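Biologist: Could you take a close look at one part of this model for a student who is just starting out, and then follow the thread into the parts around that place in the chain?

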Amino acid sequence: MFDPYAKIIYDYIGGIEDIRKAKVQTVIPASTSFQEDCARILRAIRIAARLGFRFSRETAHFVKHLSPSILKLDRGRLLMEMNYMLAYGSAEASLRLLWKFGLLEVLLPIQAAYLVKHGFRRRDKRSNLLLSLFSNLDKLLAPDRPCHSSLWIAILAFHKALSDQPRDPLVVAVFSLAVYNGGDMLEAVKIARRINKSHDESFCELLEPRDLDFEALKHEVMDFAESSKGALSKMTDEYFVSQAMAGYSRAPFSDLVFIPLALYLKASKIFECVRGGGERRFASKQGSKIDYESLAYGSPQEVRHTFARIVFDTVYPLDLTE
């Protein structure tokens with residue numbers, strides 16, 4: 001507790017020492033704390049991810065062993081907690097901690113199944129396309145500069161579609177540019193064909209580049225947009241969510257869907273402009289500076305601009321050509 005007049009901190013539980021040691025632990029015994037309010041489990045993950053802190057041994061033990069209890073939370077509360085983790089600049093760290101402590105397969109079974117399929121261990125330090133996308137999202141955000149939740153949901157759906165069916169990197173580039181400009185395929189193809197960077201060959205979701213003519217490229221881009229919207233539908237369908245981890249006997253069962261219809265529709269609109277062949281009266285954003293107030297409110301221009309930027313920077317990272 002801080003006395004702002006005397007400028008004195010009163011610390012009766014060793015909190016200052018925990019901060020010095022970069023450690024997260026509960027005030028009362030962790031088993032009691034988390035059973036009193038299981039949302040504290042997600043709050044602990046968020047704090048550790050955002051600050052780069054570690055858990056005390058006791059806190060870590062009960063975060064892991066009481067993780068299924070979060071299913072008792074209201075879905076609106078779960079969405080709020082997930083948004084705090086993924087929309088404020090610490091999404092990659094949050095996903096890694098959720099995976100490490102057995103929470104990812106409860107909250108996002110489809111993404112957990114992807115990690116299992118690719119042999120990603122609980123304490124793995126490696127990266128992959130899913131984590132790289134969120135790492136690049138984090139570079140653009142901060143606790144005082146968040147994004148609208150439709151952006152990270154769209155990234156999850158985009159990655160699901162790409163992991164289900166790998167694509168030519170040029171297809172991904174045209175797709176992201178078409179999202180940015182409201183579905184103007186001709187402009188997107190012209191810009192994409194001028195790319196002189198190398199794509200990141202470490203991602204198994206990207207195929208070897210092919211020589212595609214305009215019509216073949218357009219067809220594949222529109223098919224990918226359809227797949228991305230389909231992936232979003234699967235993420236909001238209890239049956240598909242429950243089946244994601246069905247092949248892994250040790251995984252807890254979860255058919256949790258915390259994305260409401262209104263948010264699903266808002267995220268879907270990001271992809272629909274590509275499938276529809278262009279959105280009337282849509283003006284793409286000019287300039288590269290992000291308007292964070294508009295991004296937080298879910299402005300279509302800002303969300304699509306930021307989405308395209310994240311995808312492009314992940315597929316064609318600068319450090320490959322520097």
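Modeller: Lys7 counts as exposed because its relative accessibility is 64%, and a value over 50% is what that word requires. In this predicted model, Lys7 sits in the loop that runs between strand E1 (2–3) and strand E2 (8–9). The backbone at Lys7 deserves attention as well, since Lys7 has a positive phi of about 55° although it is not a glycine.

A positive phi in a residue other than glycine is also found at Ala22, where the angle is near 55°. Ala22 belongs to the loop between helix H1 (15–20) and E3. With a relative accessibility of 25%, Ala22 counts as partly exposed, because partly exposed covers the range between the 20% limit for buried and the 50% limit for exposed.

On the other side of strand E3 (23–24), in the loop that leads to helix H2 (30–36), lies Ile28. Ile28 has a relative accessible area of 33% and is therefore partly exposed. Ile28 is also one of the residues that make a nonpolar surface patch of about 780 Å², together with Met1, Ile8, Tyr10, Tyr12, Ile13 and Val27.

A surface patch of another kind, one of positive charge, is where Lys64, Arg123, Lys125 and Arg250 gather. Of these residues, Lys64 can be placed in helix H4 (residues 57–65), and Lys64 is partly exposed because its relative accessibility is 49%.

To see the contrast with the surface, one can turn to Leu42, which is found in helix H3 (residues 39–51). Leu42 is buried, because its relative accessible area is 0%. When neighbours within four places in sequence are left aside, the residues in contact with Leu42 are Ile70, Leu73, Leu78, Glu81, Met85, Leu103 and Leu107. Phe224, by comparison, is 182 residues from Leu42 in sequence, and the distance between their C-alpha atoms is 33 Å.

Met85, which is in contact with Leu42, is touched by Ser90 too, and Ser90 also touches Ala49, Arg50 and Asp138, again without counting residues up to four places away in sequence. Ser90 is placed in the loop between helix H5 (75–86) and helix H6 (91–100). Although it lies in a loop, Ser90 counts as buried because its relative accessibility is 5%, whereas Lys7, the loop residue with which this answer began, counts as exposed at 64%.

Key:
Residues are numbered from 1 along each chain as its sequence is written. This is a predicted model: local features need pLDDT of at least 70, side-chain atom pairs count only at pLDDT 80 or more; totals for chains, interfaces and linings use all residues. Side-chain values use heavy atoms; hydrogens and water are left out. Patches are made of residues with over 30% relative accessible area and no salt bridge: like charges are joined within 9 Å, nonpolar side chains (Val, Leu, Ile, Met, Phe, Trp, Tyr) within 5 Å. Accessible areas come from the Shrake-Rupley method with a 1.4 Å probe; for residues, only the protein chains shown count as cover. A salt bridge is a side-chain nitrogen of Lys or Arg within 4 Å of a carboxyl oxygen of Asp or Glu. Lys and Arg count as positive and Asp and Glu as negative; His and the chain ends are not counted. The place of a charge is taken as NZ of Lys, CZ of Arg, CG of Asp or CD of Glu. Helices (H or I, at least four residues) and strands (E, at least two) are DSSP runs, numbered from the N terminus. Buried means under 20% relative accessible area, exposed over 50%, partly exposed in between (1.4 Å probe, protein chains only). Contact means heavy atoms within 4.5 Å.
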